Amino acid sequence: MENPLTPEVLADPVALTRALVDIESVSLNEKAIADCVEEVLRVVPHLSTYRHGNTVMARTDLGRASRVVLAGHLDTVPLNNNFPSTLRGDLMYGCGTSDMKSGVAYALHLATTLPEPRYDVTYFFYEAEEIESRYNGLHLVAQAHPDWLEADFALLLEPTYGIVEAGCQGTMRAVVVTTGVRAHSARSWHGVNAVHGAGEVLRRLSTYQARRVTIDGCEYREGMNATRIHGGVAGNVVPDRCEIEVNYRFAPDRTPAEAEAHLREVFADYELTVTDCAAGALPGLEAPPAREFLAAVGAAPIGKLGWTDVARFAAMGVPALNFGPGDPNLAHHPDEHVEISKIRDGAATLHRWLAPA
Ligand SMILES: [Zn+2]
(Lines give C-alpha, C1' and ligand atoms only; values in the text may rest on other atoms or scores of the structure.)
Protein backbone atom coordinates (compact mmCIF):
# COMPACT_ATOMS: atom_id res chain seq x y z
CA MET A 1 0.00 0.00 0.00
CA GLU A 2 1.24 3.46 -0.83
CA ASN A 3 1.38 5.59 2.32
CA PRO A 4 -1.46 8.14 2.09
CA LEU A 5 0.20 10.31 4.76
CA THR A 6 2.13 12.47 2.31
CA PRO A 7 3.90 15.70 3.35
CA GLU A 8 0.99 17.78 1.97
CA VAL A 9 -1.49 15.74 4.02
CA LEU A 10 0.64 15.94 7.18
CA ALA A 11 0.75 19.74 6.81
CA ASP A 12 -3.05 20.06 7.05
CA PRO A 13 -4.84 18.67 10.13
CA VAL A 14 -8.14 18.43 8.21
CA ALA A 15 -6.71 16.48 5.27
CA LEU A 16 -4.77 14.39 7.75
CA THR A 17 -7.90 13.55 9.76
CA ARG A 18 -9.57 12.37 6.60
CA ALA A 19 -6.59 10.29 5.49
CA LEU A 20 -6.43 8.62 8.91
CA VAL A 21 -10.16 7.89 8.91
CA ASP A 22 -9.78 6.25 5.52
CA ILE A 23 -7.28 3.72 6.88
CA GLU A 24 -9.58 1.19 8.52
CA SER A 25 -8.39 0.42 12.07
CA VAL A 26 -11.06 -1.30 14.12
CA SER A 27 -9.54 -2.48 17.42
CA LEU A 28 -6.99 -5.30 16.96
CA ASN A 29 -6.60 -4.34 13.30
CA GLU A 30 -4.25 -1.37 13.78
CA LYS A 31 -1.21 -2.78 11.97
CA ALA A 32 -1.79 -0.93 8.68
CA ILE A 33 -2.37 2.47 10.31
CA ALA A 34 0.51 1.98 12.76
CA ASP A 35 2.80 1.09 9.82
CA CYS A 36 1.82 4.30 8.00
CA VAL A 37 2.31 6.44 11.13
CA GLU A 38 5.63 4.82 12.00
CA GLU A 39 6.92 5.23 8.46
CA VAL A 40 6.36 8.98 8.38
CA LEU A 41 7.76 9.51 11.89
CA ARG A 42 10.92 7.49 11.28
CA VAL A 43 12.18 9.94 8.68
CA VAL A 44 11.61 13.07 10.79
CA PRO A 45 15.09 14.21 11.88
CA HIS A 46 13.99 15.88 15.16
CA LEU A 47 12.26 12.74 16.49
CA SER A 48 13.34 9.39 17.89
CA THR A 49 10.71 6.81 17.03
CA TYR A 50 9.94 3.52 18.78
CA ARG A 51 7.28 0.88 18.40
CA HIS A 52 5.71 -1.67 20.75
CA GLY A 53 3.11 -3.91 19.10
CA ASN A 54 0.94 -1.51 17.15
CA THR A 55 1.73 1.43 19.40
CA VAL A 56 4.12 4.02 17.99
CA MET A 57 5.95 6.52 20.16
CA ALA A 58 8.08 9.39 18.88
CA ARG A 59 9.80 12.02 20.97
CA THR A 60 11.97 15.08 20.80
CA ASP A 61 15.08 15.37 22.94
CA LEU A 62 15.82 19.07 22.95
CA GLY A 63 16.84 19.33 26.59
CA ARG A 64 13.79 21.42 27.50
CA ALA A 65 12.86 21.93 31.17
CA SER A 66 9.53 20.11 30.81
CA ARG A 67 8.26 17.18 28.81
CA VAL A 68 4.65 16.83 27.71
CA VAL A 69 2.82 13.88 26.18
CA LEU A 70 0.31 14.18 23.35
CA ALA A 71 -1.57 10.91 23.00
CA GLY A 72 -4.27 9.45 20.80
CA HIS A 73 -5.56 5.96 20.14
CA LEU A 74 -5.41 4.62 16.59
CA ASP A 75 -8.31 2.19 16.88
CA THR A 76 -12.02 2.70 16.33
CA VAL A 77 -15.17 0.85 17.28
CA PRO A 78 -16.56 -1.47 14.54
CA LEU A 79 -17.65 0.14 11.27
CA ASN A 80 -21.33 0.91 10.86
CA ASN A 81 -21.85 1.81 7.19
CA ASN A 82 -19.65 4.82 7.89
CA PHE A 83 -16.44 3.98 6.05
CA PRO A 84 -14.74 5.63 4.21
CA SER A 85 -15.26 9.25 5.20
CA THR A 86 -17.61 11.66 3.43
CA LEU A 87 -17.79 15.45 3.49
CA ARG A 88 -21.00 17.46 3.83
CA GLY A 89 -20.38 21.17 4.17
CA ASP A 90 -18.36 21.81 7.33
CA LEU A 91 -18.85 18.24 8.53
CA MET A 92 -16.65 15.22 7.98
CA TYR A 93 -18.54 11.95 8.55
CA GLY A 94 -17.05 8.55 9.18
CA CYS A 95 -15.96 6.02 11.77
CA GLY A 96 -13.29 7.61 13.95
CA THR A 97 -13.78 11.21 12.77
CA SER A 98 -14.72 12.29 16.31
CA ASP A 99 -13.24 9.41 18.36
CA MET A 100 -10.52 10.14 17.69
CA LYS A 101 -8.64 10.44 14.45
CA SER A 102 -9.12 14.21 14.45
CA GLY A 103 -7.17 14.19 17.73
CA VAL A 104 -4.59 11.76 16.36
CA ALA A 105 -4.21 14.13 13.41
CA TYR A 106 -3.19 16.94 15.81
CA ALA A 107 -0.44 14.84 17.31
CA LEU A 108 0.84 13.61 13.94
CA HIS A 109 0.66 17.06 12.37
CA LEU A 110 2.61 18.63 15.24
CA ALA A 111 5.10 15.77 15.42
CA THR A 112 6.02 16.14 11.76
CA THR A 113 5.83 19.93 11.37
CA LEU A 114 7.08 21.41 14.66
CA PRO A 115 10.83 20.79 14.97
CA GLU A 116 11.36 23.00 18.02
CA PRO A 117 8.39 22.85 20.38
CA ARG A 118 8.57 24.84 23.64
CA TYR A 119 8.67 21.63 25.65
CA ASP A 120 10.10 18.28 24.83
CA VAL A 121 7.18 16.32 23.46
CA THR A 122 6.43 12.60 23.49
CA TYR A 123 3.84 11.67 20.87
CA PHE A 124 1.86 8.46 21.39
CA PHE A 125 -0.21 6.71 18.76
CA TYR A 126 -1.58 3.68 20.56
CA GLU A 127 -3.61 0.60 19.89
CA ALA A 128 -6.76 -0.91 21.33
CA GLU A 129 -8.29 1.77 23.55
CA GLU A 130 -11.85 0.78 22.66
CA ILE A 131 -11.65 -2.77 24.02
CA GLU A 132 -10.60 -4.47 27.25
CA SER A 133 -7.80 -2.89 29.17
CA ARG A 134 -5.39 -5.81 28.71
CA TYR A 135 -5.05 -4.91 24.99
CA ASN A 136 -4.68 -1.17 25.58
CA GLY A 137 -1.47 0.16 24.05
CA LEU A 138 -0.77 2.56 26.93
CA HIS A 139 -1.31 -0.25 29.42
CA LEU A 140 1.12 -2.49 27.46
CA VAL A 141 3.72 0.27 27.23
CA ALA A 142 3.36 0.99 30.96
CA GLN A 143 4.27 -2.68 31.58
CA ALA A 144 7.06 -2.99 29.02
CA HIS A 145 8.62 0.50 28.82
CA PRO A 146 7.36 2.65 31.69
CA ASP A 147 10.12 5.19 30.95
CA TRP A 148 8.38 6.03 27.63
CA LEU A 149 5.54 7.56 29.64
CA GLU A 150 7.66 9.81 31.84
CA ALA A 151 6.45 13.40 31.51
CA ASP A 152 5.38 16.49 33.45
CA PHE A 153 1.99 16.69 31.80
CA ALA A 154 -0.10 14.68 29.33
CA LEU A 155 -2.80 15.75 26.92
CA LEU A 156 -5.19 13.09 25.62
CA LEU A 157 -6.73 14.20 22.37
CA GLU A 158 -10.05 12.42 22.94
CA PRO A 159 -13.24 14.14 21.79
CA THR A 160 -14.28 17.02 24.08
CA TYR A 161 -15.71 19.41 21.49
CA GLY A 162 -12.87 21.85 21.99
CA ILE A 163 -13.40 22.15 25.74
CA VAL A 164 -10.74 21.13 28.24
CA GLU A 165 -11.98 18.23 30.31
CA ALA A 166 -9.96 17.69 33.42
CA GLY A 167 -9.30 14.53 35.36
CA CYS A 168 -11.91 11.81 35.31
CA GLN A 169 -14.27 10.02 37.67
CA GLY A 170 -13.55 6.58 39.00
CA THR A 171 -15.83 3.62 38.47
CA MET A 172 -16.57 0.68 40.75
CA ARG A 173 -18.83 -2.29 40.14
CA ALA A 174 -20.16 -4.34 43.00
CA VAL A 175 -22.76 -7.03 43.63
CA VAL A 176 -25.10 -6.59 46.57
CA VAL A 177 -26.75 -9.82 47.68
CA THR A 178 -30.01 -10.31 49.51
CA THR A 179 -30.68 -13.69 51.00
CA GLY A 180 -33.78 -15.50 52.20
CA VAL A 181 -35.14 -18.96 52.76
CA ARG A 182 -36.42 -21.09 49.91
CA ALA A 183 -39.98 -22.44 50.16
CA HIS A 184 -42.84 -23.63 47.96
CA SER A 185 -44.82 -20.59 46.90
CA ALA A 186 -48.02 -22.38 47.93
CA ARG A 187 -46.78 -22.18 51.55
CA SER A 188 -44.74 -19.04 51.20
CA TRP A 189 -44.93 -18.21 54.93
CA HIS A 190 -42.35 -20.95 55.48
CA GLY A 191 -39.85 -18.98 53.43
CA VAL A 192 -38.22 -15.55 53.21
CA ASN A 193 -38.32 -13.94 49.78
CA ALA A 194 -34.89 -12.63 48.73
CA VAL A 195 -36.30 -10.83 45.64
CA HIS A 196 -38.62 -8.88 47.91
CA GLY A 197 -35.55 -8.12 49.99
CA ALA A 198 -34.04 -6.44 46.95
CA GLY A 199 -36.72 -3.77 47.30
CA GLU A 200 -34.84 -2.14 50.17
CA VAL A 201 -31.59 -2.16 48.18
CA LEU A 202 -33.34 -0.51 45.22
CA ARG A 203 -34.99 2.03 47.54
CA ARG A 204 -31.60 3.06 48.88
CA LEU A 205 -30.32 3.47 45.34
CA SER A 206 -33.32 5.40 44.06
CA THR A 207 -33.21 7.81 47.01
CA TYR A 208 -29.41 8.04 47.08
CA GLN A 209 -28.20 11.63 47.22
CA ALA A 210 -25.21 11.60 44.89
CA ARG A 211 -22.43 14.07 45.66
CA ARG A 212 -21.48 16.94 43.42
CA VAL A 213 -17.88 17.81 44.11
CA THR A 214 -15.94 20.81 42.87
CA ILE A 215 -12.17 20.33 42.64
CA ASP A 216 -9.97 23.10 41.21
CA GLY A 217 -13.09 24.71 39.74
CA CYS A 218 -14.23 21.51 37.97
CA GLU A 219 -17.48 19.91 38.99
CA TYR A 220 -17.74 16.13 39.20
CA ARG A 221 -21.13 14.53 39.59
CA GLU A 222 -21.33 11.12 41.16
CA GLY A 223 -23.91 8.43 40.55
CA MET A 224 -24.83 5.11 42.06
CA ASN A 225 -27.09 2.86 40.05
CA ALA A 226 -28.39 -0.67 39.82
CA THR A 227 -27.37 -1.87 36.37
CA ARG A 228 -28.59 -5.47 36.48
CA ILE A 229 -30.54 -7.75 38.77
CA HIS A 230 -30.65 -11.55 38.99
CA GLY A 231 -32.85 -13.64 41.20
CA GLY A 232 -35.36 -16.42 41.23
CA VAL A 233 -35.38 -20.19 41.04
CA ALA A 234 -38.64 -21.28 39.41
CA GLY A 235 -42.19 -20.05 38.97
CA ASN A 236 -43.40 -21.78 42.15
CA VAL A 237 -40.44 -21.23 44.47
CA VAL A 238 -39.86 -18.42 46.95
CA PRO A 239 -36.32 -17.36 46.00
CA ASP A 240 -33.54 -17.45 48.57
CA ARG A 241 -31.04 -15.24 46.74
CA CYS A 242 -31.04 -12.07 44.68
CA GLU A 243 -28.02 -10.23 43.27
CA ILE A 244 -28.12 -6.55 42.42
CA GLU A 245 -25.23 -5.24 40.34
CA VAL A 246 -24.35 -1.71 41.31
CA ASN A 247 -22.14 0.74 39.42
CA TYR A 248 -20.75 3.59 41.47
CA ARG A 249 -19.17 6.49 39.58
CA PHE A 250 -17.12 8.47 42.06
CA ALA A 251 -15.43 11.84 42.01
CA PRO A 252 -11.62 11.79 41.93
CA ASP A 253 -11.28 13.13 45.49
CA ARG A 254 -12.08 9.55 46.55
CA THR A 255 -9.62 6.71 46.23
CA PRO A 256 -10.92 3.27 45.25
CA ALA A 257 -10.56 2.22 48.91
CA GLU A 258 -12.66 5.19 50.03
CA ALA A 259 -15.23 4.50 47.32
CA GLU A 260 -15.50 0.91 48.50
CA ALA A 261 -15.82 2.01 52.12
CA HIS A 262 -18.65 4.33 51.08
CA LEU A 263 -20.46 1.55 49.21
CA ARG A 264 -20.11 -0.71 52.23
CA GLU A 265 -21.53 2.04 54.42
CA VAL A 266 -24.57 2.47 52.14
CA PHE A 267 -25.17 -1.29 52.16
CA ALA A 268 -23.81 -1.98 55.63
CA ASP A 269 -26.26 -4.78 56.42
CA TYR A 270 -25.78 -6.67 53.12
CA GLU A 271 -23.28 -9.02 51.60
CA LEU A 272 -21.32 -6.96 49.04
CA THR A 273 -18.53 -7.97 46.65
CA VAL A 274 -16.56 -5.49 44.56
CA THR A 275 -16.07 -7.00 41.09
CA ASP A 276 -14.25 -4.25 39.21
CA CYS A 277 -12.73 -0.88 39.88
CA ALA A 278 -10.80 1.84 38.09
CA ALA A 279 -9.47 4.84 40.00
CA GLY A 280 -10.36 8.35 38.95
CA ALA A 281 -7.88 11.13 38.28
CA LEU A 282 -7.61 14.57 39.86
CA PRO A 283 -7.84 17.50 37.44
CA GLY A 284 -4.10 18.13 37.33
CA LEU A 285 -4.20 21.82 36.44
CA GLU A 286 -1.20 22.94 38.48
CA ALA A 287 1.73 21.70 36.39
CA PRO A 288 3.23 24.69 34.52
CA PRO A 289 2.65 23.16 31.04
CA ALA A 290 -1.00 22.55 32.04
CA ARG A 291 -1.43 26.18 33.10
CA GLU A 292 0.16 27.39 29.90
CA PHE A 293 -2.10 25.09 27.92
CA LEU A 294 -5.21 26.46 29.67
CA ALA A 295 -4.02 29.98 28.91
CA ALA A 296 -3.71 29.07 25.21
CA VAL A 297 -7.25 27.65 25.25
CA GLY A 298 -8.59 30.72 27.08
CA ALA A 299 -11.63 28.95 28.57
CA ALA A 300 -12.24 27.27 31.90
CA PRO A 301 -11.99 23.47 32.09
CA ILE A 302 -14.83 21.21 33.15
CA GLY A 303 -14.72 17.88 34.99
CA LYS A 304 -14.60 14.70 32.91
CA LEU A 305 -17.37 12.35 33.94
CA GLY A 306 -16.45 9.18 32.04
CA TRP A 307 -13.34 7.15 32.75
CA THR A 308 -10.49 7.78 30.30
CA ASP A 309 -6.82 7.00 29.90
CA VAL A 310 -5.95 10.21 31.79
CA ALA A 311 -6.30 8.00 34.86
CA ARG A 312 -3.43 5.83 33.60
CA PHE A 313 -1.17 8.87 33.51
CA ALA A 314 -2.44 10.08 36.86
CA ALA A 315 -1.62 6.69 38.35
CA MET A 316 1.98 7.24 37.22
CA GLY A 317 2.02 10.71 38.75
CA VAL A 318 1.59 12.55 35.42
CA PRO A 319 -1.23 15.12 35.47
CA ALA A 320 -3.38 14.81 32.35
CA LEU A 321 -6.25 16.55 30.54
CA ASN A 322 -8.57 15.68 27.65
CA PHE A 323 -8.86 18.02 24.67
CA GLY A 324 -10.08 17.20 21.17
CA PRO A 325 -12.30 18.61 18.42
CA GLY A 326 -14.83 15.77 18.22
CA ASP A 327 -18.20 15.84 19.95
CA PRO A 328 -18.11 13.14 22.63
CA ASN A 329 -21.84 12.56 22.18
CA LEU A 330 -21.16 11.37 18.63
CA ALA A 331 -18.44 8.90 19.54
CA HIS A 332 -19.49 5.32 18.71
CA HIS A 333 -22.52 6.70 16.87
CA PRO A 334 -23.40 5.65 13.27
CA ASP A 335 -23.63 9.36 12.35
CA GLU A 336 -20.23 10.08 13.85
CA HIS A 337 -18.76 13.27 12.41
CA VAL A 338 -16.51 16.16 13.26
CA GLU A 339 -16.79 19.86 12.45
CA ILE A 340 -13.95 20.92 10.19
CA SER A 341 -13.86 24.38 11.77
CA LYS A 342 -13.42 22.74 15.19
CA ILE A 343 -10.43 20.80 13.88
CA ARG A 344 -8.86 24.06 12.69
CA ASP A 345 -9.63 25.92 15.96
CA GLY A 346 -8.06 23.21 18.08
CA ALA A 347 -5.00 22.99 15.84
CA ALA A 348 -4.51 26.75 16.22
CA THR A 349 -4.78 26.41 20.02
CA LEU A 350 -2.17 23.67 20.12
CA HIS A 351 0.14 25.76 17.94
CA ARG A 352 -0.23 28.75 20.30
CA TRP A 353 0.72 26.49 23.16
CA LEU A 354 3.57 24.49 21.64
CA ALA A 355 5.15 26.71 19.01
CA PRO A 356 8.16 28.72 20.17
CA ALA A 357 7.20 32.28 21.15
ZN1 LIG B 1 -11.69 7.48 22.17
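Start with the spacing of the residues that hold the zinc ion: along the sequence the donors follow the pattern H-x25-D-x58-E. Keep in mind as you click around that this is a predicted model.

**Stop 1: the zinc ion**

Select the zinc ion, then show His73, Asp99 and Glu158 as sticks. These are its protein donors, and they sit 1.9 to 2.1 Å from the metal. If you label atoms, look for NE2 on His73, OD on Asp99 and OE on Glu158.

Now colour the chain by secondary structure and look at where two of these donors come from. His73 belongs to strand S3 (residues 67-73), while Glu158 sits in the loop between strand S7 (153-156) and strand S8 (165-166), so this pair ties together parts that are 85 residues apart in sequence.

Are these two buried or exposed? His73 is buried, with a relative accessible area of 0%. Glu158 is buried too, at 7%.

**Stop 2: the sheet**

Hide the sticks and switch to cartoon. Look for an open sheet of eight strands with mixed pairing. Walk across it in this order: S1-S2-S6-S3-S7-S18-S8-S17. At the edges you'll find strand S1 (48-52) and strand S17 (302-303), each of which pairs on one side only.

Zoom in on the S1 edge. S1 and strand S2 (residues 55-59) run antiparallel and are joined by five bridges. To see one of the partnerships, select His52 and Thr55: Thr55, in S2, is the bridge partner of His52.

Next, add the helices. Helix H4 (residues 97-113) packs on the sheet, where it touches S3 and strand S6 (120-126). Its direction makes about 140° with that of S3. Then pick helix H10 (residues 340-354), which lies across S3, S6 and S7 and runs at about 160° to S3.

**Stop 3: Glu38**

Select Glu38, which you'll find in helix H3 (residues 31-42). What does its side chain make a polar contact with? The partner is the side chain of Arg42, at 2.8 Å. Now show what surrounds Glu38: setting aside residues up to four places away in sequence, it touches Thr49, Arg51 and Val56. With a relative accessibility of 15%, Glu38 counts as buried.

**Stop 4: the cysteines**

Show the cysteine sulfurs as spheres. How many disulfides are there? The count comes to zero. As a reminder, a disulfide is a covalent bond between the sulfur atoms of two cysteines.

Try a couple of distances yourself. From the sulfur of Cys218, the closest cysteine sulfur is in Cys168, 12 Å away, so the two are too far apart for a bond. For Cys277 the closest cysteine sulfur is also in Cys168, at 11 Å, which is again too far for a bond. Turn on the surface and check how covered these residues are: Cys218 is buried, at 0% relative accessibility, whereas Cys277 is partly exposed, at 33%.

**Stop 5: Leu79**

Last stop: select Leu79, in the loop between S3 and strand S4 (86-88). Leu79 is partly exposed, with a relative accessible area of 38%. Leaving out neighbours within four places in sequence, Leu79 is in contact with Glu24, Val26 and Cys95.

To finish, draw a line from the C-alpha of Leu79 to the C-alpha of Val233. These residues are 154 residues apart along the chain, and the line spans 40 Å.

Conventions. Residues numbered from 1 in each chain as written. Predicted model: local features only at pLDDT ≥ 70, side-chain atom pairs only at ≥ 80, totals over all residues. Heavy atoms only, no water. Donors = N, O, S within 2.8 Å, 3.2 Å for Na, K, Ca; no water. Helix = DSSP H or I, 4+ residues; strand = E, 2+ residues; numbered from the N terminus. Buried < 20%, exposed > 50% of the residue type's maximum accessible area, 1.4 Å probe, protein only. Pairing = 2+ DSSP bridges. Contact = heavy atoms within 4.5 Å. Axes fitted to C-alpha atoms, helices over the stretch in contact; angles between N-to-C directions. Polar contact = N/O pair within 3.5 Å; in protein donor to acceptor, adjacent residues only side chain to side chain. Disulfide = S-S within 2.5 Å.
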